[in-house]
Amino acid sequence: MPFDFGALGRHPDIEGPGLEASDAADRLLLDEANERAAASPLGPAPDEIVVVDDAYGAIALGAAERFGASAARPIRVHQDLVTGERALAENAGRLALADEVVSMPFAPELVAGARLVLVRLPRSLDRLDEVAGLVARHAASDVAIVAGGRLKHMSLAMNEVLGRHFGRVDVSLARQKSRVLTASEPTPAARTAAPAWPRRERHEAEDLEVVAHGGVFAGSGIDIGTRFLLQHLGEAMPDASTAVDLACGSGVVATRLARTRPGMRVVATDRSAAAAASARLTAEANGVAERVHVTRADGLEGLADASERFIVLNPPFHSDAAISTGIAAHLFADAARVLAPGGELWCVWNSHLRYRPLLERTVGPTRQIARNPKFTITASVREA
Ligand SMILES: C[S@@+](CC[C@H](N)C(=O)[O-])C[C@H]1O[C@@H](n2cnc3c(N)ncnc32)[C@H](O)[C@@H]1O
């Protein structure tokens, strides 16, 4: 019986009409992986298969079924987003495949000895570079990466990135607006190369060293909106002994707060594993790791209601303003829940998004801290 993609859900990510838990690229990727395995008399055993950046579990669970994974020989999986990892666990439970997949951190053990690595192509070339580098260094010498995505999100630069690490890159025919790239024959240089990630960059003006894994927002740079926020963080900031850097990315804001406010403890959270790992490294590089506590979390889960007096947020944005607003609304609501009466949410946003009415409604009275031609910084006070 073919794998039942329709049984998969996206929860805890947003669900709704038109939002699917799998797509044509996932199915093409599985078909290409199957063909490749069938073509070789000694195809990979299930525990030689690894899945990276699957959205909700379609690839990992589809592969677990097709390749006969078991509790003794599970498929290894890493997903950058904690929400994706939870969706996989829920879907695996529903399909009675919970023991056939195992979620692991992004580290050499994830791919050690692997012969087939199925990758949902990330948008970020840096992320692809870090994944390809890890595989080339630590997987078996006959490993192949089978990486699939939607044509509209793919570029020739992806072939070039894979070509940095692998001697051979094959391109599938397109099917239902999707395509698969297969990289094999890791080069001797790539197998012995020092890891290119995480990267470090010193920013004199901000007196910060930023450390970032591939694909983290702004990389080892500092985004211009964040830079603007840092310039104004000292002004009329609430008098709090703790702060929260919500959606912390590489941890620039959390680290800067800890650096400029001796004694202040900062909680930094992000739903991306690469971001959380980077934020830890950034705090460490600037000597404030003992006061910056980083967690990989969806919004502010884990923080109690009405427990904090100061939250800082540079919300994620998307080319589609409606999607940006949806994600921002979720994070504003979480901030409103966690702020104690009188506590403040400081937020930097692209002025064209006009978040002020939403902040007023969700959190409370909102004043402008600063504005330039592109960005607005506001402080919203939680009412009693
Ligand atoms: C615009 S970046 C800001 C990063 C950092 N604060 C800075 O200014 O450089 C937004 C961040 O939001 C994170 N994010 C998106 N949705 C999230 C969620 N539901 N919970 C936690 N973090 C989230 C993304 O992973 C990304 O790192």
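Two strands count as paired if DSSP finds at least two bridges between them. Helices (H or I, at least four residues) and strands (E, at least two) are themselves DSSP runs, numbered from the N terminus. Strand S15 (residues 366-371) and strand S16 (residues 375-381) fit this rule: they run antiparallel and are joined by five bridges. Arg-367 stands opposite Ala-379 in S16. Three residues lie between S15 and S16, and the two strands form a hairpin.

A word on the source. This is a predicted model, in which local features need pLDDT of at least 70 and side-chain atom pairs count only at pLDDT 80 or more, while totals for chains, interfaces and linings use all residues. Residues are numbered from 1 along each chain as its sequence is written, and side-chain values use heavy atoms, with hydrogens and water left out.

Now follow the hairpin into its sheet. Strands of a sheet pair through backbone hydrogen bonds, either parallel or antiparallel. Here seven strands form an open sheet with mixed pairing, in the order S12-S11-S10-S13-S14-S16-S15. Strand S12 (292-296) and S15 are at the edges; each has a single partner strand, so one side of each is left without a neighbour in the sheet. From one strand to the next, the twist averages 20°. Such angles run from 0 to 180 degrees between N-to-C directions, and the axes are lines fitted to C-alpha atoms, for helices over the stretch in contact.

Parallel pairing appears in this sheet too. Strand S13 (residues 308-313) and strand S14 (residues 339-350) pair that way over five bridges. Ile-311 has Leu-345 in S14 as its bridge partner. Helices pack on the sheet as well. Helix H10 (residues 273-285) touches strand S11 (265-270) and S12, where contact means heavy atoms within 4.5 Å. The direction of H10 makes about 170° with that of S12. Helix H11 (residues 321-338) touches strand S10 (242-246), S13 and S14, and its direction makes about 155° with that of S14.

Turn to another sheet. It is open, has seven strands with mixed pairing, and follows the order S3-S2-S1-S4-S5-S7-S6. Its edge strands are S3 (101-103) and S6 (166-171), each pairing on one side only. Neighbouring strands are turned by 20° against each other on average, direction ignored. Helix H1 (residues 24-39) packs on this sheet and touches strand S4 (116-120), strand S5 (144-150) and S7. The direction of H1 makes about 155° with that of S5.

At one end of this sheet, S6 and strand S7 (residues 178-186) run antiparallel, joined by five bridges. Val-171 stands opposite Leu-181 in S7. Lys-177 is in the loop between S6 and S7. Its phi is near 60°, a positive value in a residue other than glycine.

Next, the ligand. Which residues are closest to the ligand? They are Thr-226, Ala-247, Asp-270, Asp-298 and Gly-299, out of 16 that surround the ligand, each with a heavy atom within 4 Å. The shell divides into seven nonpolar, six polar and three charged residues. A backbone N or O atom of Gly-299 lies 2.8 Å from a nitrogen atom of the ligand. In the side chain of Asn-314, an N or O atom is 3.0 Å from an oxygen atom of the ligand.

Last, a cis peptide bond. His-11 and Pro-12 are joined by one, with omega about 10°. Pro-12 sits in the segment before H1.

Technical notes. A polar contact is a pair of N or O atoms within 3.5 Å; within protein, one must be able to donate a hydrogen and the other to accept it, and residues adjacent in sequence count only if both atoms are side-chain atoms. Ala, Val, Leu, Ile, Met, Phe, Trp, Tyr, Cys and Pro count as nonpolar, Asp, Glu, Lys and Arg as charged, and the others, Gly among them, as polar.
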